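Thanks for making time this morning. I would like to walk through one structure with you, going from its charged pairs to its interior, and I will try to keep each claim separate from the next.

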Amino acid sequence: MKGNFSALIDADQLVLIDFSAEWCGPCKMLAPILKEVKDELGNSVKIVKIDVDKNQSLANQYQVRGVPTMLLFRKGQQLWRQSGVLQKSEIVQVVRSFM
């Protein structure tokens, strides 16, 4: 995932990374919220889910200590970070603030 991840976050497009885990209850609550965010924002943001158990080095690199943790990138720059579940309106507001 390492090489692909760099290419992914280096894009001009906003990329919202959802660090999550299969065993995480709040992560399961966040999944349908992120789908609604994608439905509302369309192609203006790419949303990618990353399993911390399968990508431990990546989680360590970004110091993900709890899941879910969301990071927003554009052109390789981390623009925003939040741990925990947010409502759709809160996520949409954050993404739109960087458009």
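Let me start with a question: does Glu-40 count as buried, partly exposed or exposed, in terms of relative accessibility? Please bear in mind throughout that what you see is a predicted model. The answer is that Glu-40 counts as partly exposed, at 36% relative accessibility.

I begin with Glu-40 because of the company it keeps, since Lys-88 forms a salt bridge with Glu-40 in which the closest N and O atoms are 2.8 Å apart. Lys-88 lies in helix 4 and Glu-40 in helix 2, so this pair ties together parts that are 48 residues apart in sequence. Lys-88 is itself partly exposed, with a relative accessible area of 27%. Glu-40 has a further partner in Arg-96, and there the side chains meet in a salt bridge at 3.3 Å, N to O. As Arg-96 lies in helix 4 and Glu-40 in helix 2, the pair ties together parts that are 56 residues apart in sequence. Arg-96 counts as partly exposed as well, at 44% relative accessibility. Through the partners they share, these salt bridges join Glu-40, Lys-88 and Arg-96 into one network.

A search of the whole structure finds 4 salt bridges, and one of them can be set beside that network. The side chains of Asp-39 and Lys-35 meet in a salt bridge at 3.2 Å, N to O. Because Asp-39 and Lys-35 are 4 residues apart in helix 2, about one helical turn separates them. Asp-39 is exposed, with a relative accessible area of 55%, and Lys-35 is exposed too, at 52%.

Staying with helix 4, which spans residues 88–97, which of its residues are buried? They are Ile-91, Val-92, Val-94 and Val-95. Seen down the axis of helix 4, these buried residues fall within an arc of 160°, so they line one face of the helix. The face turned away from that buried side carries the exposed residues Ser-89, Gln-93 and Ser-97. As for what the buried residues pack against, the list runs to strand 1 (14–20), helix 2 (25–41), strand 2 (45–51), strand 3 (69–74) and strand 4 (77–83).

That brings us to the interior. In soluble globular proteins, nonpolar side chains tend to be buried together. Here, the largest nonpolar core has 18 residues, and those with the most contacts inside it are Phe-5, Ile-17, Phe-19, Ile-50, Tyr-62 and Phe-73. At least two residues of this core come from each of helix 1 (2–9), strand 1, strand 2, helix 3 (56–61) and strand 3. There is also a second, separate core of 16 residues, which includes Leu-41, Leu-72, Leu-86 and Val-95; Val-95, you will recall, is among the buried residues of helix 4.

Next, the aromatic rings, of which a search of the whole structure finds 3 pairs. Phe-5 and Phe-73 form an edge-to-face pair, 6.0 Å centre to centre and with 90° between the planes. This pair links distant parts of the chain, with Phe-5 in helix 1 and Phe-73 in strand 3, 68 residues apart. Both Phe-5 and Phe-73 are buried, and for Phe-73 the relative accessibility is 1%.

How are the rings of Tyr-62 and Phe-73 arranged, edge-to-face or stacked? Their centres are 5.5 Å apart and their planes stand at 80°, so the pair is edge-to-face. Tyr-62 lies in the loop between helix 3 and strand 3, while Phe-73 is in strand 3, so here the parts tied together are 11 residues apart in sequence. Tyr-62 is buried, with a relative accessible area of 16%. Taken together, Phe-5, Tyr-62 and Phe-73 form one aromatic cluster. Not counting residues up to four places away in sequence, Tyr-62 touches Phe-5, Ile-9, Phe-19, Leu-71, Phe-73, Gln-78 and Arg-81.

I will close with Val-67, which is placed in the loop between helix 3 and strand 3. Leaving aside neighbours within four places in sequence, Val-67 is in contact with residues including Phe-19, Trp-23, Cys-24, Cys-27 and Val-52. Val-67 and Ile-17, finally, are 50 residues apart in sequence and 12 Å apart in space, C-alpha to C-alpha.

Methods:
Residues numbered from 1 in each chain as written. Predicted model: local features only at pLDDT ≥ 70, side-chain atom pairs only at ≥ 80, totals over all residues. Heavy atoms only, no water. Buried < 20%, exposed > 50% of the residue type's maximum accessible area, 1.4 Å probe, protein only. Arc of directions from axis to C-beta. Contact = heavy atoms within 4.5 Å. Core = buried A, V, L, I, M, F, W, Y, C linked by side-chain atoms within 4.5 Å. Phe/Tyr/Trp six-rings, centres within 6.5 Å; stacked < 30°, edge-to-face > 60°.
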